[in-house]
Every structure is written in C-alpha cells, then in structure tokens.
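Here is a structure to walk through together. Have the sequence and the 3D view open as you read.

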Amino acid sequence: MLVDYKDVKAHLNKTKQEIYKSEVLRNPYIPEDTKPYYEQALIMMDECDVKYPDSRLISGGAYSGKSQFVAIDCCRYLMYENYTCLLLRNTLREIKAEGEVISKLERWLCDPERLGDYSCKHNHTQMYFEAHSGARIYYGSCDSKLSMDKLRGSSYHRIYTIESSELDEEVLDFLPRSLRSPHGYDNIPLQITHVSNPSFGAGVDWLKRNYINEDSPHKHYRLNLMMNKFVPREQYDKQLSQMSPLQQAFMRYGDWNFVADEGLLISREEFMNAEISDYSYDDVVYSIVAVDLAGEGDDNTSMSHIMVMKNGEIIIDDNKLVSHHLIEEPLKTFVSRQLDKHSLYNVVFEQEGGSSSTYALAHFESVLRPLRTQHPLPFNVTLRGTGGKSKFDRAVPFASMIREKRVRINKDLPNKNTLINQLMYLTPIKLELKRYPSPDIVDSLSIGFNFLSSQVNIEAYSQKLGVVNKK
C-alpha cells in the first residue's frame with residue numbers, strides 16, 4: 001500500500017513533531033550535517049507515537065538516501081539502556097561494504113572527539129555497536145544456518161533488512177518472531193523496516209504481496225533521487241540515464257513492475273499468450289523438478305516444476321528462488337509441494353565439472369531420501385550436463401516452444417515477472433550479459449527441458465497429439 005506523503009503531512013500533530021525533534025534532531029549520535037530530508041522526516045514522524053507501528057517497506061532507486069535513512073533511524077533509541085536493534089543483509093560482505101550502513105555507523109558512533117563519553121564501542125567479533133547506556137545495534141547476515149540460528153533465540157525492538165528483495169521469503173516470514181522487547185514491557189516502539197531497490201531477487205514476490213500491491217496490508221514509502229537534496233541530483237541522474245532500460249527502471253525510477261517488451265528469445269506478448277490458468281494435475285503424464293544451484297556471488301538457486309500433459313503441452317507450473325546457499329530445507333519443501341500434486345519422476349540438478357558432482361549427487365540423494373522412500377512411486381535424483389552450450393543457446397529450445405504455445409506458463413507462477421525479464425535480457429554476448437543478474441530461473445528451465453528432451457521425444461509426442469506449431 002503506497003503511502004501518499006500529503007496524507008502523512010495532513011495527519012502530523014504536535015506530539016509527533018516533538019517526539020521526532022527529541023529522538024532525531026537532538027540526538028547526539030546523529031551528526032548535525034546528516035539530518036533527514038523532507039520525505040525521510042515524514043516517514044520517521046508518521047507512526048512515531050504508536051507503540052506497535054507495524055512493519056513497512058521503504059523503496060527507491062539509486063542515491064535516494066535509503067541507507068542514510070536506516071543509519072539515522074536505527075540510532076533513534078541509543079539513549080535507552082534496554083534498546084536492541086538488528087541490521088540484516090544477505091551476506092556479511094555486502095553489509096560491511098564501504099558506503100553501506102555499517103561504515104556510516106562506524107564513523108558516526110565511534111568518534112570520541114565528537115561524542116566524548118557518548119562514544120560507542122564497536123565489537124567486530126560479535127558484530128554490534130554498544131552505547132554508553134548499554135543499548136546495542138547488532139548487524140549480521142542470513143546466508144547461513146548459523147546466522148539464522150542466532151536470530152531464532154534473539155529479541156530486538158527494531159529490525160532493518162537491507163536490500164530486502166534479495167532475501168528469501170522464509171527469512172522475511174521468520175523475522176517477526178524476533179521482534180519483542182528483550183526485557184519485558186518498555187516504551188521503545190517495535191517495528192520491522194524493509195529497505196530495498198527493485199530487483200530480480202528471491203523476496204520480490206513476498207514484498208509485492210505485503211507492501212507493494214494495491215491490496216497489500218502494510219505501508220510502502222517510496223523515495224527517489226530527486227528528493228535527496230544532499231547529493232548532486234542532476235549529475236547522478238545523468239549517470240543513471242546512460243544505463244539499460246531495465247537498470248534505469250530499477251535504479252533510476254524504482255519501478256517494481258517493469259517488464260521489457262522484446263528480447264532476442266521472445267517477446268512479452270508471446271509469453272503472455274502462452275499463459276494458462278485452467279489445467280488439472282490429473283492430466284500429468286510426466287513431471288520433474290529442475291534445479292540450478294547458485295554459484296559464487298549474488299546468484300540464486302532456482303527450482304522449477306515442469307509437467308508434460310496428456311494433450312502434449314508442457315506446463316511450467318511452479319518456481320522457487322533461494323538466495324542463500326543452504327538449500328536443503330527449501331528443496332525438500334519445494335519437492336514435497338510438487339508430490340502433493342502428482343508423482344515426480346526426476347529431480348534434476350545441473351552437473352558441474354570435476355569430481356564434485358559425484359559428491360553433490362550423493363548429498364542430494366541423501367537429503368531427498370525420506371521423500372523418495374515414503375512416496376508410492378519413488379523419483380530419481382539425476383545430474384544433467386550443459387553440453388558446453390552457452391546460457392542463451394540452452395534456452396533457445398524452450399523459448400521457441402513458448403512462442404508456439406507448446407510450452408504453457410502457469411498464470412500464477414511465482415517469480416513470473418523475473419522470468420519474463422530474464423528471457424528479455426538473455427543474450428549470446430557474454431560481456432553484455434554480465435551487466436545483468438544471473439538468469440537463474442531460465443537456467444533451471446533449460447536444465448529441465450534439455451533433460452525432458454533426453455527422456456521424452458517431445459517433438460514426436462507433440463506431433464502425435466497435434467500441438468506442433470500451435471498458434
């Protein structure tokens with residue numbers, strides 16, 4: 001639910017303004033030259049007189065001041081001795097990067113020359129800043145089981161997720177359990193704040209359901225570069241204007257719903273024409289789950305459920321993106337979800353080079369063994385090589401079948417817009433492709449379709465049933 005700043009201003013009262021002045025403008029931890037700009041201040045005042053002010057999303061493009069907002073807002077209650085706060089991002093490398101929130105807090109809080117006795121201690125090992133009052137600002141990541149286990153038993157007044165669209169839905173769903181006062185009732189408001197650019201990340205659908213869609217239940221505040229008077233706006237806007245249309249939509253305009261119209265593989269219209277909403281799992285004759293495992297960097301693991309139907313059509317039925325490297329539980333959950341629909345025949349993983357694939361196969365066979373043994377028709381766990389082909393070349397066959405409506409797409413497919421955009425920007429030019437996120441969903445579908453082609457003569461089956469070149 002997008003918030004209109006005019007409405008926020010109309011509902012300001014003296015209490016909210018006095019609380020804001022006390023907590024922000026007179027806060028010794030926030031430097032004089034880093035006070036919020038107008039829209040940031042309105043966000044901070046909007047619910048500051050409410051004990052439980054709900055969760056919120058603050059989105060925007062590049063240079064809109066989102067990290068500055070988090071740094072200011074998380075310092076609001078450092079004078080309270082019981083205050084605990086958590087800053088969370090997908091990886092430690094990202095949250096500790098120069099220019100991000102932690103580097104700002106290091107400069108602001110650990111400055112004895114400016115703060116004197118109020119100067120904070122930075123515990124690099126345990127990853128927190130501690131004020132003279134005993135209040136703490138913790139920071140961490142959610143890319144490992146250990147980091148999530150630490151969250152499980154912890155309590156925080158305020159939780160901030162940075163680049164929330166890159167986090168898994170499971171993480172975003174879990175966080176409210178840690179939102180509670182560590183020492184019982186006090187006067188510090190409890191709140192979760194998600195802060196993010198638009199992206200192709202694993203949490204986009206979750207954010208849209210909860211904050212961005214018109215019928216979403218929670219507040220969404222949008223910031224942009226032109227609001228931020230503390231940066232050279234015209235210069236930065238000129239730099240952003242030289243990006244690709246996709247990157248401009250995300251980084252310049254903060255557009256969560258951008259979908260390109262034309263790509264080398266397929267057009268948006270052709271994709272939409274292949275969508276389907278009315279089909280029965282009783283008509284499935286063969287189904288698989290295809291998994292593209294995350295590599296290094298910011299890749300996601302993508303899991304896709306693909307079905308061959310009695311009428312010869314192939315349906316892309318389901319998808320799951322996982323942003324961290326601990327995929328065992330999400331994998332079991334995803335496979336179990338498909339088994340509730342229909343028997344699976346294979347779970348297929350991309351085969352990596354070297355001997356590691358043998359160990360990976362044994363590992364995932366072990367992970368999925370309980371599901372395999374309890375199901376009446378046990379499925380196989382398989383590796384499938386790429387044949388040395390590029391990402392683009394591997395995607396050509398199923399993109400062609402989407403254009404011909406031989407492959408149909410579930411109209412309610414999770415991460416559907418991400419898939420469309422990946423099909424739009426996929427290119428055989430490797431240098432060009434590096435400008436974009438790894439096309440994880442397309443990769444998992446390529447693995448699945450190439451495996452299906454080796455198991456089922458799709459062409460002959462389609463011809464037999466009369467669906468070839470269906471327009």
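Is Tyr156 buried or exposed? With a relative accessible area of 6%, Tyr156 is buried, since the cut-off for that label is under 20%. Keep in mind from here on that this is a predicted model.

Let us stay with the aromatic rings for a moment. The model holds 15 aromatic pairs. One of them joins Tyr29 and Tyr118, with the ring centres 6.3 Å apart and an angle of 90° between the planes, an edge-to-face arrangement. If you trace this pair along the chain, you will find that it links distant parts, 89 residues apart. Tyr29 is in the loop between helix H2 (14–25) and helix H3 (38–46), while Tyr118 is in the loop between helix H7 (112–115) and strand S3 (121–123). The two partners are also worth comparing by their surroundings: Tyr29 counts as buried at 0% relative accessibility, whereas Tyr118 is partly exposed, with a relative accessible area of 34%.

Tyr156, where we began, has a ring partner in Tyr138. Their centres are 5.9 Å apart and their planes meet at 75°, so this pair is edge-to-face. Tyr138 belongs to strand S5 (residues 136–141) and Tyr156 to the loop between helix H8 (145–152) and strand S6 (158–162), so the pair ties together parts that are 18 residues apart in sequence. Elsewhere, ring pairs link Phe200, Phe250, Tyr425 and Tyr436 into a cluster.

Rings also take part in contacts with charged side chains. The charged end of Arg136 sits over the ring of Tyr128, 4.0 Å from the ring centre. Over the ring of Tyr52 you will find the charged end of Lys51, at 5.8 Å from the centre.

Now turn to the sheet. Seven strands make up an open sheet with mixed pairing, in the order S9-S15-S12-S11-S10-S13-S14. At its edges are strand S9 (275–276) and strand S14 (380–384), each pairing on one side only. Strand S10 (residues 284–292) is a good place to look more closely: eight of its nine residues are buried, so the strand is largely enclosed by the rest of the structure.

Which strands pair with S10, and in what sense? S11 runs antiparallel to S10, and eight bridges join the two; here Val284 stands opposite Met309 in S11. With strand S13 (residues 346–350), S10 pairs in the parallel sense over four bridges, and Val291 stands opposite Phe349 in S13. Moving on from S11 (residues 301–309), you reach strand S12 (residues 314–322), paired with S11 in the antiparallel sense over eight bridges. Val308 has Ile314 in S12 as its bridge partner.

A loop residue can be placed against this part of the chain. Leu413 is in the loop between strand S15 (407–410) and helix H17 (416–425). At 5% relative accessibility, Leu413 counts as buried. The C-alpha atoms of Leu413 and Ile315 are separated by 10 Å, although the two residues are 98 apart along the chain.

Next, consider the backbone. Most residues other than glycine have a negative phi. Two residues here are worth a look against that background. Asp54 has a positive phi, near 75°, and is found in the loop between H3 and strand S1 (56–60). Its relative accessibility of 35% makes Asp54 partly exposed. Met127 has a positive phi as well, near 60°, and its place is in the loop between S3 and strand S4 (128–130). Met127 is buried, with a relative accessible area of 15%.

Finally, look for empty space inside. Rolling a probe the size of a water molecule over the atoms shows where such space is left. How many cavities of 30 Å³ or more does the model contain? There are three of them, and the largest holds about 70 Å³ of space. Among the residues that line the largest cavity are Ile43, Met44, Glu47, Arg56, Arg76, Tyr77 and Arg158. The lining as a whole divides into six nonpolar residues, one polar and four charged. Pro53, Pro189 and Gln191 are also included in that lining, as is Cys48.

Technical notes. Residues are numbered from 1 along each chain as its sequence is written. This is a predicted model: local features need pLDDT of at least 70, side-chain atom pairs count only at pLDDT 80 or more; totals for chains, interfaces and linings use all residues. Side-chain values use heavy atoms; hydrogens and water are left out. Rings of Phe, Tyr and Trp (its six-membered ring) pair if their centres lie within 6.5 Å; planes under 30 degrees apart count as stacked, over 60 as edge-to-face and the rest as tilted. Buried means under 20% relative accessible area, exposed over 50%, partly exposed in between (1.4 Å probe, protein chains only). A charge sits over a ring if NZ of Lys or CZ of Arg is within 6 Å of the ring centre and within 35 degrees of the ring normal. On a 1 Å grid over the protein atoms alone, a cavity is a set of points where a 1.4 Å probe fits but cannot get out, and a pocket is an open set with protein on both sides within 12 Å along at least five of seven lines; lining residues have an atom within 4 Å of a point. Grid points are joined across faces, edges and corners, and a volume is the space filled by probe spheres set on the points. Ala, Val, Leu, Ile, Met, Phe, Trp, Tyr, Cys and Pro count as nonpolar, Asp, Glu, Lys and Arg as charged, and the others, Gly among them, as polar. Two strands pair if DSSP finds at least two bridges between them.
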